[in-house]
Amino acid sequence: MSTIPRRKFIQLSAASAVGCLALSGRDAHAADLPRLTEDDPMAQAMRYKNDASSVDAASRNSPVTDQNCANCALIQGADGDAWRPCLIFPGKVVAAAGWCSVWAPKA
Ligand code: SF4
């Protein structure tokens, strides 16, 4: 039996499909991409924040407390970079210290 809630699975499936389409045929270079802003409509829809510690842990879907973009399965780019591409937000970079409601643990 899967431990991934159905809603999360659907979100991840849709996001992965969008990300694959957006990144196919070209490489995403983090330094060339604009930074995602918290007032971006897509960012607001996903409750994205530049600082994961500013998010109330009780409001998250997952009980895992140590959640940030750097330890999310959907982050791209190089470990250690402060801003990195993300499959959920194609064409932009997110803060490694950030968070959004689609966060998923790395396998
Ligand atoms: Fe992307 Fe994961 Fe950060 Fe959300 S938590 S913005 S999916 S890297």
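**Exercise 1.** List the residues around the ligand and sort them by class.

Solution. Tyr 48, Cys 69, Cys 72, Leu 74, Ile 75, Cys 86, Ile 88, Phe 89, Cys 100 and Trp 103 surround the ligand, where being near takes a heavy atom within 4 Å. This is a predicted model, in which local features need pLDDT of at least 70 and side-chain atom pairs pLDDT 80 or more, while totals for chains, interfaces and linings use all residues. Residues are numbered from 1 along each chain as its sequence is written, and side-chain values use heavy atoms, without hydrogens and water. By class, the shell has 10 nonpolar, no polar and no charged residues; Tyr, Trp, Cys, Leu, Ile and Phe are among the types counted as nonpolar.

**Exercise 2.** Find the salt bridges and state how accessible each partner is.

Solution. A salt bridge requires a side-chain nitrogen of Lys or Arg within 4 Å of a carboxyl oxygen of Asp or Glu. The count is 2.

Step 1. Lys 92 pairs with Asp 40, with the closest N and O atoms 2.6 Å apart. The partners are 52 residues apart: Lys 92 lies in the loop between strand E1 (83-85) and strand E2 (93-95), and Asp 40 in the loop between helix H1 (6-23) and helix H2 (41-45). Helices (at least four residues) and strands (at least two) are DSSP runs.

Step 2. Arg 84 pairs with Asp 79 at 3.3 Å, N to O.

Step 3. Buried means under 20% relative accessible area, exposed over 50%, and partly exposed in between (1.4 Å probe, protein chains only). Lys 92 is partly exposed at 26%, whereas Asp 40 is buried at 12%. Arg 84 is buried at 4%, and Asp 79 is exposed at 62%.
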